[in-house]
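Please work through the following exercises with the sequence and the model at hand. Each task is followed by a solution in steps.

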Amino acid sequence: MADNKKNPTQVEDTGHVWDGIRELNNPCPRWWLNSLYLSGLLVIVYFILYPSLPLVNDSTKGLLGWTQINEFKEDMAKVEEIRAPFENKLAAMSMEEILADQEMLNYAIGSSKVLYGDNCAACHGTGGAPAEGAGYPNLTDDDWLYGGSVNDIAMSIANGRAGTMPAHANLLTTEEVDQLVQFVIDSSNGVPTEAGLALYNAKGCFACHGADAKGVKAMGSANLTDKIWRFSGAEDQIRYSILHGVNDASDPETRVAVMPQWSEKMAIMIEARTYAIEEGEDPNEIDWDDELEGDEAERLTETEIKKLAVYVHQFGGGQ
Ligand code: HEC
Ligand code: HEC
C-alpha cells in the first residue's frame with residue numbers, strides 16, 4: 001500500500017506525456033491483485049468439481065457428480081414427501097369433510113391454484129371472474145346455474161355442462177319478442193307485469209326457467225329475476241338470447257355455452273353416491289366394479305376435481 005502513496009516525482013512513468021501531463025506507472029493495489037489470483041484459483045477448483053467443459057454430446061462430469069436436473073429431482077422428491085401425507089389423506093376424505101377441516105382446506109386451496117390456472121382460468125378468469133362479456137359464468141358470485149353446493153360444483157366440473165335453450169326466432173312474432181324482452185327486463189327489476197307473465201307462460205318459457213322465472217338448477221336455465229346476467233342484460237342482448245337460444249344446433253347464430261367434461265369416471269361416481277344417499281343406502285358400500293367399466297375418460301383425477309370443487313366453492317359464492 002505504502003508504495004502507492006509515493007510522491008509522483010519518485011514514481012516511474014510510462015514515458016507518455018500529453019499536454020505536460022505525465023502518465024505514471026503505479027503498481028496495482030496488493031488486495032486487488034490477490035483477489036484476482038484467488039478468483040482464478042476458484043475457477044480451477046469449480047472446473048474440477050462441477051460439470052464444465054462442453055463435449056460433443058455431453059460435458060465433463062466434475063468430481064462431485066452434481067447436475068442441475070438431479071438437484072431439481074431431489075427438491076421435487078422432498079416436496080412430494082411433504083405432500084404425500086396430505087394427498088393420501090385428501091384422497092380418503094369427502095368434500096364435506098375437507099370443507100370442515102381447516103388444515104386440509106388450506107392445503108386443498110393452496111394446491112388448487114396451479115390446477116385452476118392451468119385448466120380453468122382461460123375461460124373463467126383468474127380467481128373465477130371472467131372478462132366482462134366473455135360468455136363464461138362468473139364463479140365468484142352467489143348465482144349458480146347448476147347449484148353451488150360443493151357436490152353440484154364437482155358435478156359441473158366432472159361431467160361438464162351445456163345448457164340448451166331453443167332459438168325462438170321462428171316461434172314468436174316480433175311483438176311477442178318485444179314483450180318478452182320487456183318482461184325479462186321488468187323481472188330483473190322486480191316488477192314483472194301480469195301480461196308479461198301470461199305470455200312467458202303461454203310461450204313455454206316457464207317449462208325451463210320455472211314458474212317464478214328464477215331458473216331451474218337441473219337444467220342450468222338462468223335466473224331471469226336478478227341482475228346477474230349469464231350473457232348480458234342489455235336489451236339487444238336479451239333479444240338475441242331469445243331469438244337464437246343457447247347451444248341450439250339448428251340456429252347457426254345460437255349462443256355457444258359449453259363447459260368441457262373433466263372426468264367421466266368422477267361424474268358416474270358422484271351420480272352413484274348421490275343416488276345411494278337418496279335411497280338411504282351407504283355410499284361406501286357401492287360396488288364400483290359394477291358401476292364403472294374401467295375405460296372412462298379422465299382428464300383430471302378424482303382428487304384433483306375434489307380440490308377444485310372445494311377451491312371454487314371458496315371463491316365466495318359457495319352454498
Ligand atoms: C372452454 C371453456 C371452459 C373451461 C376450460 C372451463 N369451463 Fe367451466 N364453464 C364453461 C361454460 C361455458 C360454463 C357454462 C355452461 C352453461 O352455460 O351451460 C361453465 C360452467 C362451470 C360451472 C357451473 C357454474 C354454475 O353457475 O353453475 C363450474 C362450477 C365451472 N364451470 C368450473 C370450472 C372449472 C373448475 C374448470 C377447470 C377445471 C372449468 N370450469 C373449465 C366454460 C369452461
Ligand atoms: C328448453 C329450455 C328453455 C326454454 C324453453 C327457454 N329457455 Fe331461456 N334459457 C335456458 C337455459 C338453459 C339458459 C341458460 C343457458 C346457459 O347459460 O347455458 C337460458 C337463458 C336465457 C336467457 C339469458 C339470460 C342471461 O342471464 O343472460 C334469457 C333472456 C332467456 N333464457 C329467456 C327465455 C325466454 C323469454 C323464454 C321463452 C320464450 C325462454 N328463455 C325459454 C333454457 C330455456
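The exercises below concern a predicted model and treat its two ligands and one strand pair.

**Exercise 1. The iron atom of ligand 1**

Task: Determine which residues coordinate the iron atom of ligand 1, and what arrangement its donor atoms adopt.

Solution.
1. The protein donors are NE2 of His-124 and SD of Met-259, at 2.0 Å from the iron atom.
2. The angles subtended by the 6 donor atoms run from 88 to 179°, and the arrangement is therefore octahedral. For six octahedral donors, the ideal angles are 90 or 180 degrees.
3. His-124 belongs to helix 5, whereas Met-259 sits in the loop between helix 10 and helix 11 (264-278); the pair therefore ties together parts 135 residues apart in sequence.
4. Buried means under 20% relative accessible area. His-124 has 10% and is therefore buried, while Met-259, at 22%, counts as partly exposed.

**Exercise 2. The shell around ligand 1**

Task: Describe the residues around ligand 1 by position, class and polar contact.

Solution.
1. The shell holds 26 residues, of which Cys-120, Cys-123, His-124, Tyr-146 and Met-259 come nearest.
2. Helix 5 (121-124), helix 6 (150-159) and helix 13 (302-313) each contribute at least two residues. Helix 6 provides the largest share, with 3 residues.
3. By class, the shell around ligand 1 comprises 19 nonpolar, 4 polar and 3 charged residues.
4. Polar backbone atoms of Leu-145 and of Gly-163 each lie 2.8 Å from an oxygen atom of ligand 1. In addition, a polar side-chain atom of Arg-230 is 3.1 Å from an oxygen atom of this ligand.

**Exercise 3. The iron atom of ligand 2**

Task: Carry out the corresponding analysis for the iron atom of ligand 2.

Solution.
1. Met-165, through SD, and His-209, through NE2, are the protein donors, lying 2.0 Å from the iron atom.
2. Angles of 87 to 180° are subtended by the 6 donor atoms, which makes this arrangement octahedral.
3. Met-165 is located in the loop between helix 6 and helix 7 (174-188) and His-209 in helix 9, so the pair ties together parts 44 residues apart in sequence.
4. His-209 has a relative accessibility of 11% and therefore counts as buried.

**Exercise 4. The shell around ligand 2**

Task: Establish which residues come nearest to ligand 2, and which atoms of Arg-230 and Phe-231 approach its oxygen atoms.

Solution.
1. There are 25 residues around ligand 2; Met-165, Cys-205, Cys-208, His-209 and Arg-230 come nearest.
2. For Arg-230, a backbone N or O atom is 2.6 Å from an oxygen atom of ligand 2. For Phe-231, a backbone N or O atom is 2.8 Å from an oxygen atom of the ligand.
3. The elements giving two or more residues to the shell are helix 9 (206-209) and helix 10 (235-244), and helix 10 gives the largest share, 3 residues.
4. The classes represented are 15 nonpolar, 9 polar and 1 charged residues.
5. Arg-230 thus has a backbone contact with ligand 2 and a side-chain contact with ligand 1.

**Exercise 5. A strand pair**

Task: Establish how strand 1 and strand 2 are paired and connected.

Solution.
1. Strand 1 (residues 13-18) and strand 2 (residues 21-24) run antiparallel and are joined by 3 bridges.
2. Trp-18 stands opposite Ile-21 in strand 2.
3. The two strands form a hairpin with 2 residues between them. In the turn, Asp-19 has a positive phi of about 45°.

Definitions and conventions
Residues numbered from 1 in each chain as written. Chains lettered and ligands numbered in written order. Predicted model: local features only at pLDDT ≥ 70, side-chain atom pairs only at ≥ 80, totals over all residues. Heavy atoms only, no water. Near = heavy atom within 4 Å. Polar contact = N/O pair within 3.5 Å; in protein donor to acceptor, adjacent residues only side chain to side chain. Helix = DSSP H or I, 4+ residues; strand = E, 2+ residues; numbered from the N terminus. Nonpolar A, V, L, I, M, F, W, Y, C, P; charged D, E, K, R; others polar. Pairing = 2+ DSSP bridges. Donors = N, O, S within 2.8 Å, 3.2 Å for Na, K, Ca; no water. Tetrahedral: all angles 85-135°; square planar, octahedral: opposite > 155°, others 65-115°. Buried < 20%, exposed > 50% of the residue type's maximum accessible area, 1.4 Å probe, protein only.
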